[in-house]
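Colleague: I have a structure open and want to learn how to read it. Can we go through it feature by feature?

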Amino acid sequence: MTPVILDCDPGHDDAIAIILAAADPAIDLLAITTVAGNQTLEKTTLNARRVCTVAGIEGVPIAAGCARPLIRPLRIADDVHGASGLDGPAFPEPTVEVVDEHAVELMHRILTGHGEPVTLVPTGPLTNVALLLTRYPEDAARIREIVLMGGSAERGNVTPYAEANIYVDPEAAAIVLGSGVPITFCGLNVTHQALVTEDVVARLLGLDTELGRICADLMTFFGSTYRRLWGFAAPPLHDPVAVARVIDPTLVACVDAHVAIELHGAHTLGATVVDLHSYLGHPPNAKVALTLDRDRFWDRVIDAIARVNFPAR
Ligand code: BDR
Ligand code: CA
């Protein structure tokens, strides 16, 4: 089992990433940390508690982290994820609590005490991870790798070239990329291969569990915003792709490439400049995901949702 800390901003796709990371037998989920991104920190943290409550995920500490990017104002994605950040299904009052410790301190404590390097999976803006690596630079050696959802080797989704997680806190992304920790980018170019088509929703409903129904409702809402905003026939399930890469690297094929974060572009702030063909001659500094094994990915996601302990209707 790979020890993992999931740093997220739930978010519809983050919700499924939490369930996948908690339930898949290949991952030992040590903590869930939250960051402002898709919604305010207050809402993303409440949403992490909601997801853990309905999925019966207990015993995994949840800690709230940074409420805003390092130097920029927060830009939320309520157009994509709704006013709650997790619009769609009705959630019961959450019973899973957060711990009384800042996310960065919890990450540091786990990294120093775990005994073997831990994998970080950030699926929101990189503010918490950048703060960790700035405050505790020695923790870089305690991180096996950072496998994140963010960026794109193609075009963006908040500006023509920038993807939301990197755009919201590009300075944080640059700090993380410059930290020397091995890093893998699962960007839009690969997450757009994880489309939640009707057959996937049918499989969720076919589980005949309350959690399967909630996940189907989440995906139906997510699909409605992707249809309205981007004209997609089915929504892309971004964040679980990064979790899948940790579960089994053969699910998400990567290449080595040089990546730079655009911090000064007049029109391209927050873009990940992925030099797939080594035009600039820089040595690779990251792995960049290119191809998803769709069938095995969906089997793994559905299996995780079936696996968590929630009573059948
Ligand atoms: C990323 O932004 C958020 O809307 C999603 O949760 C995902 O992490 C996609 O650009
Ligand atoms: Ca996210």
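Colleague: Is Ser278 buried, partly exposed or exposed?

Modeller: Keep in mind that this is a predicted model. Buried means under 20% relative accessible area, and exposed means over 50%. Ser278 has 43% relative accessibility, so it counts as partly exposed.

Colleague: Where does Ser278 sit, and what is its phi?

Modeller: Ser278 is in the loop between β8 (272-275) and β9 (286-292). Its phi is near 55°, a positive value in a residue other than glycine.

Colleague: Which sign does phi have at Asp208?

Modeller: Positive, about 55°, although Asp208 is not a glycine. Asp208 lies in the loop between α9 (198-206) and α10 (210-230). Its relative accessible area is 39%, so Asp208 is partly exposed.

Colleague: Now the strands. How covered is β1?

Modeller: Strand β1 spans residues 2-8, and 6 of its 7 residues are buried. Cys8 belongs to β1. With a relative accessible area of 0%, Cys8 is buried.

Colleague: What should I know about side chains along a strand in general?

Modeller: In a regular strand they alternate between the two faces of the sheet.

Colleague: In which sense do β1 and β2 pair, parallel or antiparallel?

Modeller: Parallel. β1 and β2 (residues 27-34) are joined by 7 bridges. For a landmark, take Asp7: it stands opposite Thr33 in β2. The chain gets from β1 to β2 by way of helix α1 (residues 12-23), and this β-α-β crossover is right-handed.

Colleague: How accessible is Thr33?

Modeller: Thr33 has a relative accessible area of 0%, so it is buried.

Colleague: Which residue of β4 stands opposite Asp7?

Modeller: Pro122 in β4. β1 and β4 (residues 118-122) pair in the parallel sense, over 4 bridges.

Colleague: How far apart in space are Thr33 and Val54?

Modeller: Sequence separation and distance in space are two readings, so take both. Thr33 and Val54 are 21 residues apart in sequence and 18 Å apart in space, C-alpha to C-alpha. Now try a second pair. Cys8 and Gln193 are 185 residues apart in sequence, with 21 Å between their C-alpha atoms.

Colleague: What kind of peptide bond runs from Pro10 to Gly11, cis or trans?

Modeller: Cis, with omega near -15°. Gly11 is in the loop between β1 and α1.

Colleague: On to the metal. Which protein donors does the calcium ion (ligand 2) have?

Modeller: Read the residue and the atom together. The donors are Asp9 (OD), Asp14 (OD), Asp14 (OD), Thr123 (O) and Asp239 (OD). They lie 2.2 to 2.5 Å from the calcium ion. Asp14 is listed twice.

Colleague: What spacing do these donors of the calcium ion follow along the chain?

Modeller: The spacing is D-x4-D-x108-T-x115-D.

Colleague: Are Asp9 and Asp14 buried or exposed?

Modeller: Asp9 is at 1% relative accessibility, so it counts as buried. Asp14 is buried too, with a relative accessible area of 0%.

Colleague: How many residues surround ligand 1?

Modeller: 13 residues surround ligand 1. The closest are Asp13, Asn38, His81, Glu163 and Asp239. Asp239 also appears among the donors of the calcium ion.

Colleague: Which polar side-chain atoms should I look at around ligand 1?

Modeller: Follow three distances, each to an oxygen atom of ligand 1. A polar side-chain atom of Asp13 lies at 2.6 Å. For His81 the value is 2.8 Å. For Asn165 it is 3.0 Å. On its own, ligand 1 has 280 Å² of accessible area, and the protein covers 97% of that.

Colleague: One last residue. Where does His238 lie?

Modeller: His238 lies in helix α11 (residues 238-247). It counts as buried because its relative accessibility is 5%.

Colleague: What does the side chain of His238 contact?

Modeller: The side chain of Thr191 is one partner, through a polar contact of 2.7 Å. The side chain of Tyr226 is another, also joined by a polar contact of 2.7 Å.

Terms used. Residues are numbered from 1 along each chain as its sequence is written. Chains are lettered from A and ligands numbered from 1 in the order in which they are written. This is a predicted model: local features need pLDDT of at least 70, side-chain atom pairs count only at pLDDT 80 or more; totals for chains, interfaces and linings use all residues. Side-chain values use heavy atoms; hydrogens and water are left out. Buried means under 20% relative accessible area, exposed over 50%, partly exposed in between (1.4 Å probe, protein chains only). Helices (H or I, at least four residues) and strands (E, at least two) are DSSP runs, numbered from the N terminus. Two strands pair if DSSP finds at least two bridges between them. A crossover is right-handed if, with the strands pointing away from the viewer, the path from the first strand over the helix to the second runs clockwise. A residue is near a molecule or strand if one of its heavy atoms lies within 4 Å of it. A polar contact is a pair of N or O atoms within 3.5 Å; within protein, one must be able to donate a hydrogen and the other to accept it, and residues adjacent in sequence count only if both atoms are side-chain atoms. Accessible areas come from the Shrake-Rupley method with a 1.4 Å probe; for residues, only the protein chains shown count as cover. Donors are N, O and S atoms within 2.8 Å of the metal (3.2 Å for Na, K and Ca); water is not among the atoms, so sites may look incomplete.
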